[in-house]
Amino acid sequence: LECNRCPSDWFSNDPDGAAACVECAEGSATNTERSSCDACLPGQFEEDATHTCEACPDKWVSAGGLTACAECATGEVTVSGKAACQKCAPGTHALVDDRSSCRNCPSGWVAGFGNDECKQCTGGKAANDERSTCRACTAGEYGAAVNGTLACKSCPQHYYSSGGAANCTYCHGGFVTNEFNS
């Protein structure tokens with residue numbers, strides 16, 4: 001009579017070795033002694049071919065105890081050791097190469113909740129303080145390029161805009177603006 005080791009993904013917790021081997025549940029793997037099965041940890045999955053717990057690849061997550069990882073969606077990044085996906089906050093975008101972090105949008109660019117990229121504001125608009133949306137320049141302002149990004153600037157004296165304008169209009173002779181810089 002001889003002792004036989006339980007096969008991969010099977011275990012026996014009988015210290016005398018008299019009990020039969022029992023198959024591990026899906027999403028778990030045997031310890032090295034094959035005396036118990038342990039659920040795969042969050043951020044891991046049970047690899048079917050080897051019956052071992054493996055780390056989820058970049059962009060993928062697992063809550064643990066599973067046989068597969070799930071891919072994070074657009075605008076999401078992995079958090080808690082690849083245990084879950086989380087949407088990026090407004091004014092940030094997901095780093096799409098590995099979905100490991102949310103990055104701030106550059107000045108003059110915006111992103112709403114859960115986006116993969118920032119978008120640049122166009123003529124007559126500028127980013128709000130949170131960089132979550134472009135806002136129209138108000139009456140008396142125009143969208144001006146400042147250090148390569150658009151910002152709302154006041155029209156110079158004798159010029160006006162009705163709001164949302166990319167340029168101010170000169171008030172010709174015989175006309176006056178209602179207010180200064182309006």
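Student: What makes a side chain positive or negative here, and how many of each are there?
Tutor: Lys and Arg count as positive, Asp and Glu as negative, with His and the chain ends not counted. The protein chain has 12 positive and 23 negative side chains. The centres of the two sets lie 15 Å apart, each charge being placed at NZ of Lys, CZ of Arg, CG of Asp or CD of Glu. This is a predicted model, in which local features need pLDDT of at least 70 and side-chain atom pairs pLDDT 80 or more, while totals for chains, interfaces and linings use all residues. Residues are numbered from 1 along each chain as its sequence is written, and side-chain values use heavy atoms, without hydrogens and water.

Student: How do you know what radius of gyration a compact globule of 182 residues would have?
Tutor: The rule is 2.2 Å times the number of residues to the power 0.38, and the radius is taken over C-alpha atoms. That gives near 16 Å, but the protein chain has 30 Å. Its C-alpha atoms fill a box of roughly 115 × 20 × 15 Å along the principal axes.

Student: Why is G65 called partly exposed?
Tutor: Buried means under 20% relative accessible area and exposed over 50%, with partly exposed in between (1.4 Å probe, protein chains only). G65 has 29% relative accessibility, so G65 counts as partly exposed. Of the 182 residues of the protein chain, 30% count as buried.

Student: What makes a contact, and which residues does G65 touch beyond four places in sequence?
Tutor: Contact means heavy atoms within 4.5 Å. By that rule G65 is in contact with E26, G27, A39 and C40.
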